[in-house]
Amino acid sequence: MGWRVLPGGGMSVWRWVGWLVGLMGVMVLSGCGVVSGERAVDFVMLRDGHVRAALPGVVLLGLNCGLLGTLLIARRLTMLGDTLSHAVLPGIAAGFLWTMTKHPGALLIGALVTGVLSSLVTGWILGSTRLKADAAQSVVLTVFFAAGIVMIKLLPDGSKAGLDRFLYGQAAALDAGETVLLAVAAALSVVVIWWGYRGFLVLAFDPGYGRAAGLPVKGLHLLQMFLTTLAVVVSMQAVGVILVAGLLVIPGATAWLFSARLHRVLVLAALLGMAAAVMGTFLSFAGDGMAMGPTLVLCAGVMFGGAFLLSPRYGMARRMVSVMRHGRRVRREDGLKAVYRVLEGRGFSGAGFGLEECGQSEGMMRSLERRGMVRAVAAGGWELTESGFGEAARVVRNHRLWELYLTRRAGFAEDHVHDAAEEMEHLLAEENIEHLMGVLGHPERDPHGRRIPRSGDTIETSAARHE
Amino acid sequence: METNSDREPPAFECHDVSVSYDRKPVLYGIDVSVPGGSLCGIVGPNGAGKSTLIKAAMGLLPVEGGWVRMFGRPLDEVRPRVAYVPQRTSVDWDFPVNVMDVVLMGCGGKAGLWRRPTAADRELARESLEMVQMLPYADRQISQLSGGQQQRVFLARALAQRADLYFMDEPFTGVDAATERAIVTLLEGLRAKGGTIVAVHHDLTTAPEYFDRVILLNMRLVAAGPVEEVFTAELLQKTYGGRLTVLSELALRAQEARARRGV
Ligand SMILES: Nc1ncnc2c1ncn2[C@@H]1O[C@H](COP(=O)(O)OP(=O)(O)OP(=O)(O)O)[C@@H](O)[C@H]1O
Ligand SMILES: [Mg+2]
């Protein structure tokens, strides 16, 4: 998908890419820590034939699952991923019993049939009872899976061994034919979602409205179910039936943390799915053929964890940092304000002041000094610099203007506005100030009769206007 | 835009419509006809089937027997001319879209549900948002809207359809008095241009003032027609089954409304 057609891509796209690269870097580094550097180099250079054969297929799988999983999340159908991934098992066993070989074609067809069957049965239960989706899907999931296990138990002993890889996956088993299948499934999803994006958006947000406006809701739903079943079925060779659900849901859920517009979530989920695929293949390769399913899902899980901590929208780390930064800025601005009050009390006769009269600490002064707001003068005294005075005047102006706004415009009593202004003075931007100034008719004094500083005030102009 | 002549088929007409949920009948044999260019309220107690009637009209619920026509034709043939404002609580307001995205869903009718929005679509969406005074919120995430703002966004989405017939399920719930007034003015403007609005309304005190026709519903049709004829104490009593103690007062209001209209 091209960014240019997505409205409002712009800056935030680069921010995402930054996050993504960072996440992958962390994962590559931790991967290299686990295995020898030599193997990592082998992997990156694609020196191993198995990796060369497996990687394209797995990446396409990640792309496909990322896209379709996002649509499932949007429609609150994520349980469907679990249901499908378990419901294909009896199909695999049946395909096996039918041909008595591990012929991939037979197994795929069997899996596709029971996968589709499971979503039809679920839909049928939903349509004719009052059960909700989660209950209906749990019933179908467990019954189909149990049937699959019983059928596998019935297989002759010798052939059971090979079925392991359908449960847990093995990318080394991917051959050219399977890669083509994965490519076809991924291409189908990309084309359908590209073409029908807005239809899926309406279907997910407000299906009732969509139907009323003539959207073929049933058709879109069936299309989505078919694509998802197909994705699960073609993925099972590589990642196994059990954990495909994780690959469907985790990239989408991760992307969900980064953006609040569905089209961006979709694109990011596809990218994350591909990234998880690369990392999972690497770990599986480095771990000497460790099963693909678990490694892929673990990588996706690490991504989710990283996003949970780092996401610009919901990330814990970001929140903590910004709270801390804001807190420090508030303390600095409060310090400047205290100094301003002291100078104001002396009619702005000079910029010098002592720490005690302002109730400020040495540490605060050092912090302000680093920002060029104050400078030390002889005998332990301090004085405001020109920019320090401007900044102090700005904060005081915000405070007094907001108090005035609250009393004049919002009907607050005079003795109720101080605390609110303490908070707002640090938050008002220049355009808010202009707006307030205009609304209040460029006032001179606050509700308590103190003069409101103007932008561009210096200590000299303030002194001149001080009566 | 249609004119309201005698020859014109009614904007909305249903004949002997019955609807059931799980074989439990909810509406029995409803006959309604709403001429073009009217503001029609659907009034009735909770569970009367008001939402059900609208959903059945929009083809969202199967109709058992009877038929529904819009402008004399089946809905499928005139879909672009009919807009639907669902009850606000029918969607998940945490969904990752912004206000503009929602309103754009209404642009361009059925074709607009597939193609990417054009500049004209965006302009139309902005105009519609302006009509409900929500333009400043165009880029807002919908999860950050208040209930009344959500309602106005839904209204804007329907307005963007530039339809001739609007079905609205409780457009005034959660809307403050000033906004309610503004919306009524807006609806009157639509009517003046020949549009027809059918809206579920709960507030009996304002119903005779806002609407020129009402449909009184309680699982079956109690009465339907011009406010002056239908919005009477006796028929309301029948609709609400004597549960209303303020009926006499309401009858008085209806009389006043009649007087204002010079009937
Ligand atoms: N999905 C449903 N399944 C089963 N019964 C339903 C369903 N929706 C509504 N009903 C029943 O149909 C009847 C009419 O419901 P409807 O929602 O049309 O009422 P309403 O007039 O819109 O009420 P309200 O004023 O509360 O919105 C009610 O008795 C309700 O219990
Ligand atoms: Mg209702």
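**View 1. Asp16(B) sits in strand S1 of chain B.** This predicted model places Asp16(B) within the strand that covers residues 12-21. Take a look at the backbone here: Asp16(B) has a positive phi of about 50 degrees, even though it isn't a glycine. The residue is partly exposed, and its relative accessible area comes to 40%.

**View 2. Arg162(B) is another non-glycine residue with a positive phi.** The phi angle of Arg162(B) is about 50 degrees. To find this residue, go to the loop of chain B that runs between H6 and strand S6 (165-168). Arg162(B) counts as partly exposed, with a relative accessibility of 37%.

**View 3. Chain B meets chain A across a shared interface.** On the chain B side, 32 residues are in contact with 29 residues of chain A. Leu113(B), Trp114(B) and Arg116(B) are worth picking out: together they supply 28% of the area that chain B buries against chain A, more than any other three residues. The area buried between the two chains is about 2,800 Å², and carbon and sulfur atoms give 61% of that area.

**View 4. Asp206(A) and Arg157(B) form a salt bridge.** Their closest N and O atoms are 2.7 Å apart. Across the interface of chain B and chain A, the rule finds three salt bridges, along with 14 residue pairs in polar contact. Which elements of chain B give two or more residues to the side that touches chain A? They are helix H3 (99-104), helix H4 (109-112) and helix H6 (147-159). H3(B) provides the largest share, three residues. By type, the residues on this side of chain B split into 17 nonpolar, six polar and nine charged.

**View 5. Arg332(A) is buried, yet has no salt bridge.** This arginine is part of helix H15 of chain A, which spans residues 316-345. Where is the nearest side chain of opposite charge? That one belongs to Glu333(A), 6.7 Å away. Leaving aside residues up to four places away in sequence, Arg332(A) touches Met364(A), Ser367(A), Leu368(A) and Arg371(A).

**View 6. Stepping back, chain A has 21 helices and three strands.** Of its 467 residues, 49% count as buried. And how far apart in sequence are the residues that touch? Among contacts in chain A between residues at least 6 apart in sequence, 70% join residues at least 24 apart.

Notes. Residues numbered from 1 in each chain as written. Chains lettered and ligands numbered in written order. Predicted model: local features only at pLDDT ≥ 70, side-chain atom pairs only at ≥ 80, totals over all residues. Heavy atoms only, no water. Helix = DSSP H or I, 4+ residues; strand = E, 2+ residues; numbered from the N terminus. Buried < 20%, exposed > 50% of the residue type's maximum accessible area, 1.4 Å probe, protein only. Lys, Arg positive; Asp, Glu negative; His and termini not counted. Salt bridge = Lys/Arg side-chain N within 4 Å of Asp/Glu carboxyl O. Contact = heavy atoms within 4.5 Å. Buried area = accessible area lost by both parts, 1.4 Å probe. Polar contact = N/O pair within 3.5 Å; in protein donor to acceptor, adjacent residues only side chain to side chain. Nonpolar A, V, L, I, M, F, W, Y, C, P; charged D, E, K, R; others polar.
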